[in-house]
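Student: Please pick one part of this structure and go through it slowly. I would like the terms explained as they come up.

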Amino acid sequence: MQYPDWIWHNGTIKPWADATTHVMAHALHYGSSVFEGIRCYDTADGPAIFRLTDHNRRLYQSAKIHEIDIPYTLDEINAACREVIAANGSTTDYLRPVAFRGLGGFGLSAETPVDVAVATWKMGKYLGDEALENGIDACVSSWQRFAPNTIPAGAKAGGNYLSGTLVAREARRLGFREGIALASTGLLSEGAGENLFLVFDGALHTTPVSAALLNGITRNSIITLAREAGLTVVERDLPREYLYLCDELFMCGTAAEITPIRSVDGRQVGAGKAGPVTRRIQALFFGLFDGSTADTHGWLERV
Ligand SMILES: Cc1ncc(COP(=O)(O)O)c(C=O)c1O
């Protein structure tokens, strides 16, 4: 893997190779980190970071849930994101702020220093170059998401991703591109690292935050853009079989962007390719970056 030259680490920009931590850091043993994933897009007016402030606000919300005291302000983390993008230039399209409990105690409740880094790299198309166009084949995972009041799904915390890793690796092992998890209720939750939208009769249906999912910023952007375009959007509990019965299905997230799903568990979804509503949502979303969708919410934050 090709790494970028520069990374922001505990307050300074330094060479990538110098951003190291101790093997006894708390987070390495207990998953005690919180992080974000943010995309930077090229636009006619130069690079723009999509909803930078909203992502970093969620970083602080995740930290609040886990009582991780980030020793920088939101403005400082926003500035670090801009700095690291500027330092690495065009070798980047994805940002990864992370705050974690470092070295300073071995107990679960140890009050360790909190280390913070902002990395960036070139992610490209997370689910493959063809995925946005042709759709992917997905499966329902044998692994469920966390039960309520166990691990908080609303925090984007390192430890949560052992769940996503099980779901994603199982799917790949079985020959699928991505896995979809059920909540402990048996109702639909989300993809390994993406939220879900189902289309019935032209209306969008998405699973609610009570279904053990991360309240995605892409999900929120889609809900906003779709409603503004006059589409109906419903947040509701959905049983598994509606994955097979819906007219269209797509996953969304910073990494996956808006990826159509053409089959689930070997059953074709709708016409087996991106349908008209999915295409419309893709056009509205990607239109933010080529200027065909007006950025009325100030979501494009300049480097
Ligand atoms: C588990 C999970 N769900 C959903 C999402 C989508 O969230 P967002 O659109 O904010 O990237 C992500 C990605 O961050 C995720 O990891």
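Tutor: What follows starts at strand β6 and the loop after it, then turns to the ligand and to two backbone angles. This is a predicted model, in which local features need pLDDT of at least 70 and side-chain atom pairs count only at pLDDT 80 or more, while totals for chains, interfaces and linings use all residues. Residues are numbered from 1 along each chain as its sequence is written, and side-chain values use heavy atoms, with hydrogens and water left out.

Phe100 sits in strand β6; strands (E, at least two residues) and helices (H or I, at least four) are DSSP runs numbered from the N terminus. Phe100 counts as buried because its relative accessibility is 13%. Buried means under 20% relative accessible area, exposed means over 50%, and partly exposed lies in between, with a 1.4 Å probe and protein chains only. Beyond its neighbours within four places in sequence, Phe100 is in contact (heavy atoms within 4.5 Å) with several residues, among them Thr21, Ala27 and Val114. The C-alpha atom of Phe100 is also 6.5 Å from that of Val116, 16 residues away along the chain.

Leu103 belongs to the loop between β6 (94–101) and β7 (114–121). Its relative accessibility is 41%, so Leu103 counts as partly exposed. With Val23, Met24, Leu28 and Phe106, Leu103 forms a nonpolar surface patch of about 510 Å² accessible area together. Patches take residues with over 30% relative accessible area and no salt bridge, joining nonpolar side chains (Val, Leu, Ile, Met, Phe, Trp, Tyr) within 5 Å and like charges within 9 Å. A salt bridge is a side-chain nitrogen of Lys or Arg within 4 Å of a carboxyl oxygen of Asp or Glu. Accessible areas come from the Shrake-Rupley method with a 1.4 Å probe, and for residues only the protein chains shown count as cover.

Now the ligand. Lys156, Tyr161, Glu190, Thr218 and Thr254 come nearest among the 15 residues around it. A side-chain N or O atom of Lys156 is 2.7 Å from a ligand oxygen, and a polar side-chain atom of Tyr161 is 2.4 Å from a ligand oxygen. Glu190 has a side-chain N or O atom 2.6 Å from a ligand nitrogen. On its own the ligand has 390 Å² of accessible area, and the protein covers 95% of this.

Last, the backbone. Most residues other than glycine have a negative phi. Glu257, not a glycine, has a positive phi of about 55°. Glu257 lies in strand β15 (residues 257–264) and counts as buried because its relative accessibility is 1%. Asp265, in the loop between β15 and β16 (267–268), also has a positive phi of about 55°.

Terms used:
Near = heavy atom within 4 Å. Polar contact = N/O pair within 3.5 Å; in protein donor to acceptor, adjacent residues only side chain to side chain.
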